[in-house]
Every structure is written in C-alpha cells, then in structure tokens.
Amino acid sequence: MTASRKTGVVFLAAFIVLSHNSARAQSAPAAPAPSATPAVNLPAVDFQNADSILGVAVPRTLKNRRESMAYTYDVDYRNRNLTPRGKLLTDYAAKYEVIFVEGLPYRRLVEENHRPLSGLAAAQEAQRYDQTFAERSHMSIDQKRDYLRRPWNVDVPLPQLIGLFNSTIVGEDVVEGRPVVVIESLPRPDAHPADEEERRALHKRVKLWIDREDLIASRIEATLVADDALMKSGTVARIDFERKAGVWLPTQSDVQFEAMAGDQLVRGETLEENTGFRRFHVDVRLLDPNQTAAGTTEAQ
C-alpha cells in the first residue's frame, strides 16, 4: 500500500476503540417539544439529570452498535495531512466494501486514489483477505463476540462516562429531524483509573446527542484534552448516525487531528462516509448472547 495511506491509518488508529457516520450538521432550529408518549419498554428517565439519561442511553447505544454490525455498506475514505503552515503533505483517497468474513465485518479495499486496485495492490489485498479468512476460521464464538465488542473507528469511552466523568445537560438540538438532548462529559479531576483503558478514557471530553425517543446517541463527539500516543490535545473526532428501520447506522466519521509523525508535527483530517447499507444474514448470537434469531439480506 502507499505510504500516504499508511500515515492516515496510523492517525485514525491512534483514536480507535468504538467506527461511525450523516453529513456535518448545519445550525439546527430549536428542538421541538419531546413526544408526550415515552418509547415502549424504556425505563423511566429524568430528562433534567444527565446521569439518569446516560444510565439508560449508554447501554442502549452499545446494544445499537451491535445491531448496526449486521449491515454491509460502502466506505469512501479520505486522509489529508498538512504541515502547521498549511503545506499539503499527503492526500489519499480509498473506497472499501464492508463485507462479512466468517461472520465478522471485514473492510475490503477496492479502490485507491480513484482507481480500482490492480497489480501489486490487488495482490496484497487478496493476501490480506486470505489471511483474515484463515485466522477467523479458527476463532471460537467467544473470540468472535469479543471482536464485535470493539466500537467504531473512533475511540469514545462510553462505558466510563458514569463514574469517571462529570456530565451535564448543555442544551437541546435536532438530529435527523428528531429532538435530542445534548450532554457534555468532562473527566473528573478526582477520578482514579483502574487500568490503562480508563486512564486513556480520561484524556477525552465527550459530547453526546441523545435521541429523546430512542434514548440512543445519534451523534458523538470526542475531543482530546491531553496528548494521547501520537495524537495531540485538541484533536476532535465526530460520528454522525442515521436511523434506518429502527437502527442508528454510522453514516460519517470525521477526525480533525494534530499529531506527531516522527519529529514532525502534522495537521489534517480523516473523513469516512458510509453509504449503501444492506442488512446481511448474520448469526446474531455473535452480537448478543441473549438473541438466537438470524437476520436476512435486505437492502435498506
């Protein structure tokens, strides 16, 4: 693969743990009043209390993540790296198809810099696919389920928000034509992380747009408030979702970063746009141990 692609992947991977994504929202009108009828089977929530909302919204958002992984889709990827003075260093574009290999999502590279793969690049991708198939064919269901616990292509510490963060309601908004509550979570200065994952979680400020009816995050934003690996403080990652057939699907992710490449400071943006979502036949026991039915192939 080209060097420019590798640089972009490194920068995005440094912000990885939960990958998501509709176009960046313009200023939204005032949010309409929420529906008087609460969503079916949802526990009571105090919409004046951020922790009460998050106590329901975080597990529902993670459950939605598992459900969204039963879809295949196409990815338009672009990474641009610039010097602090704005000189372009790299501009790399690619297209992927998210398919399933041995029951797990797999990003198959189909195009680089607006050209279909051929020659060495095509051979490398074929080798990567074969290696992935071989590795996954020997994975147990528990190993596959653990793989599916990985979030999106952006590291957002959702499970740590209650306990390690101070959260407040900062406003209301509209996403996908639906009213949302906006919650901002800041690391608690007196937090005591129990492990490396919790320590890194405290490097971020998190903002969630919570759909009032579904109580699921329909937009997520994470900002580094401390340097983390190669990434510099101030790096911002955002994921936008679109609701289809009751599932919130990631339609766009955008990382505005500042990072170190060797001894050089680099600024840039990594953007992914996802389209063509199709529900795929997948054994949902991998997604949720409590579920036993299988999905079907269905264009959305």
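Which residue's side chain meets that of Arg188 in a salt bridge? Select Asp190: its side chain and that of Arg188 form this contact, at 3.0 Å from N to O. A salt bridge here is a side-chain nitrogen of Lys or Arg within 4 Å of a carboxyl oxygen of Asp or Glu. The model is a predicted one, in which local features need pLDDT of at least 70 and side-chain atom pairs count only at pLDDT 80 or more, whereas totals for chains, interfaces and linings use all residues. Residues are numbered from 1 along each chain as its sequence is written, and side-chain values use heavy atoms, with hydrogens and water left out.

**First stop: Arg188 and Asp190**

Colour the pair by relative accessible area (1.4 Å probe, protein chains only; buried is under 20%, exposed over 50%, partly exposed in between). Arg188, at 28%, is partly exposed, and Asp190, at 45%, is also partly exposed.

**Second stop: Arg243 and Asp214**

Next, select Arg243 and Asp214, a salt bridge whose closest N and O atoms are 2.6 Å apart. Arg243 belongs to strand β9 (residues 236-244), while Asp214 sits in the loop between β7 (204-211) and β8 (217-224), so the pair ties together parts 29 residues apart in sequence. Strands (E, at least two residues) and helices (H or I, at least four) are DSSP runs, numbered from the N terminus. Asp214 is buried at 8% relative accessible area; Arg243 is partly exposed at 34%.

**Third stop: Asp227 and Lys232**

Moving on, display the side chains of Asp227 and Lys232, which form a salt bridge at 3.1 Å, N to O. Asp227 is partly exposed at 40%, as is Lys232 at 23%. Now add Arg178, Asp211 and Glu213 to the earlier selection of Asp214 and Arg243: salt bridges with shared partners join these five residues into one network. Over the whole structure, a search finds 22 salt bridges.

**Last stop: helix α2**

Finally, select residues 50-68, helix α2. Its 19 residues should span 27 Å (1.5 Å times one less than the number of residues), and the end C-alpha atoms of α2 are 25 Å apart, which agrees. At the start of α2, a side-chain oxygen of Asn49 reaches to within 3.0 Å of the backbone nitrogen of Asp51.

Centre the view on Ala57, where α2 bends by about 25 degrees (the angle between axes fitted to the seven residues ending there and the seven starting there). A proline, Pro59, follows within four residues. Ala57 is one of the buried residues of α2, which include Ile53, Leu54, Val58 and Arg65.

How values were computed
Polar contact = N/O pair within 3.5 Å; in protein donor to acceptor, adjacent residues only side chain to side chain.
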